[in-house]
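Have the sequence and the 3D view ready, and follow along residue by residue. We'll start with one spot inside the protein and work outwards from there.

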Amino acid sequence: MGKNKGRFRRPVSGLAAALALALALPSSIPAAEKPADMEEDTWTRLQDNVLEYEELEDRVQSFNPTLQQIVKSINDSYDDIHDNIVDYQEASNDFQWLYEQAVEEGDYMSAAMYQINRKITMNMSSRYLQAEKRKDTAIERNTRQYRKMFTSGCQQLMLAYNKMAVNQATLEKQVELYGALASMSGTQNAIGMNVTVDVLSAQTQLYSAQNSLTALKDQMASVKSSLLLMTGWDYNSDVTIGAVPRTDVSELDAIDLEADKSIAPGYNYTVLSIKNAAPNDMDGDGKYENKDYKARERGVDQARQQLNITLDDLYLTLYEKKAALQASQTAFQAAQLKWDSANRKYQMGMLGRAEYLGEEIAYYASKGAYESADLDLTQAMLNYYWGVHGLGELAQLAEEAG
């Protein structure tokens, strides 16, 4: 029997991963400081009570509790280096003064000793100065992956919140319209123009929409709290969550899948960890042999292949979401025309109130579907971007009997 290779993804959504990141945040938040290269106006806008989509990366970098603690820890470790620089520079100055005094007194043996000690302290000071200059590099190296993870997580949360907001607007309109229908059905039933089953149907639809709206608001509150925590606010802060910009569909045409496949392994943390890890000692004799290194190379090659499969899937999803957006846009345009016609007919008395409300419900449902499809494409584009730039999960390969 032959074997067929199948593949599957881990059943973990981007939103679930983002919420998990928020739960892992430390409780204390070190005070944030304005980056030296950031404009004062930008820094001020980051601290207003509106969280914009374009601000997510800067908010994460400057206010995320985990990143702030990492930076504080590194700064604290370099405080000792700075103290050593000051101590050696002071010692160097002291030896210079002693050297000059010894020369004045004609004690040339002591002067020579002081001169040697001064050079030693200057050399030590120089070494610590060089180490201190590496602080920014250390901060960058130790926070890079976390910045990507938290920025991606915040983007996922804001997309989810915006999509829920679209659903909220649709449900609120449904509650309003089903309430009107229920009231109308009840009035008509009282005068014999309707049957009881129609009243019950309208009321059932109203209660269903009300319950869905309540559950949705609870979900939105949870997502908002997680987003606020990850961007450095208290979970219950009075902050407005901004809108996600509409998708620029033309960006899809600029994507070069093969070029992205060639650079993605250099960003991907899983591939890099396999590549940089010590090879397995297959013999267990404590020595690395050529076959051990070759086995590691095969592991890297397989990881690259798995990443390519992931990127293929993400790229395919882009065009699936694009097609879905185009279909929902066409449907919404048709719904808009039908809604315009219903308005005209209703104003002319050619359409009953019940039929009019039904058309309104259909219009807002189509509008919500279109807006949701736009957000779905934005999410697909983000998933592809982060798949290329380090956060792509490797597709799981499984061999099945054929």
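## Leu 307 and its neighbours

Leu 307 is buried, because its relative accessible area is 0% (buried means under 20% relative accessible area, exposed over 50%, partly exposed in between, with a 1.4 Å probe and protein chains only). This residue lies in helix H10, which covers residues 290-347. Helices here are DSSP runs of H or I with at least four residues, strands are runs of E with at least two, and both are numbered from the N terminus. Keep in mind that this is a predicted model, where local features need pLDDT of at least 70, side-chain atom pairs count only at pLDDT 80 or more, and totals for chains, interfaces and linings use all residues. Residues are numbered from 1 along each chain as its sequence is written, and side-chain values use heavy atoms, with hydrogens and water left out.

So what does Leu 307 touch, leaving aside residues up to four places away in sequence? Its contacts (heavy atoms within 4.5 Å) are Ala 264, Pro 265, Asn 268, Val 271, Gly 387, Gly 392 and Leu 394. Try finding Val 388 too: it is 81 residues from Leu 307 along the chain, yet their C-alpha atoms are separated by 8.9 Å.

## Ala 303, also in H10

Ala 303 is found in helix H10 as well. Is Ala 303 buried or exposed? It counts as buried, because its relative accessibility is 0%. Not counting residues up to four places away in sequence, Ala 303 touches Val 271, Ile 274 and Leu 394. Measure from Ala 303 to Asn 268 in your viewer: they sit 35 residues apart in sequence and 9.8 Å apart in space, C-alpha to C-alpha.

## Where H8 meets H9

Now look at helix H8 (residues 257-267) and helix H9 (residues 269-276), which pack at an angle of about 60° with their axes 6 Å apart. The axes are lines fitted to C-alpha atoms, for helices over the stretch in contact, and angles run from 0 to 180 degrees between N-to-C directions. H8 brings Pro 265, Gly 266 and Tyr 267 to the contact, while H9 brings Tyr 269, Val 271 and Leu 272. Sorted by type, that makes 5 nonpolar, 1 polar and no charged residues. For this sorting, Ala, Val, Leu, Ile, Met, Phe, Trp, Tyr, Cys and Pro count as nonpolar, Asp, Glu, Lys and Arg as charged, and the others, Gly among them, as polar.

## Three residues of H3

Next stop: helix H3 (56-63). Val 60 is found there, and it counts as buried because its relative accessibility is 0%. Leaving out residues up to four places away in sequence, Val 60 touches Leu 67, Arg 147, Phe 150, Thr 151, Cys 154 and Met 230. The C-alpha atoms of Val 60 and Met 149 are separated by 9.8 Å, although the two are 89 residues apart along the chain.

Ser 62 is in H3 too, and it counts as buried because its relative accessibility is 3%. With residues up to four places away in sequence left out, Ser 62 touches Ala 32, Pro 35, Met 38, Trp 43 and Gln 68. Phe 63 also has its place in H3, and it is buried because its relative accessible area is 11%. Between the C-alpha atoms of Phe 63 and Leu 229 there are 9.4 Å, with their positions 166 residues apart along the chain.## The second largest pocket

How much space lies in the second largest pocket? About 610 Å³. Here a pocket is an open set of points on a 1 Å grid over the protein atoms alone, where a 1.4 Å probe fits, with protein on both sides within 12 Å along at least five of seven lines; lining residues have an atom within 4 Å of a point. Grid points are joined across faces, edges and corners, and the volume is the space filled by probe spheres set on the points.

Of the 20 lining residues, Glu 33, Gln 68, Val 71, Asn 75 and Ile 139 are the closest to the centre of this pocket. H3, H4 (65-105) and H6 (135-190) each supply at least two residues of the lining. By type, the lining divides into 8 nonpolar, 5 polar and 7 charged residues.

## The whole protein

Zooming out, the secondary structure comes to 11 helices and 4 strands. Buried residues make up 36% of the 402 residues. Among contacts with a separation of 6 or more, 79% are between residues 24 or more positions apart.
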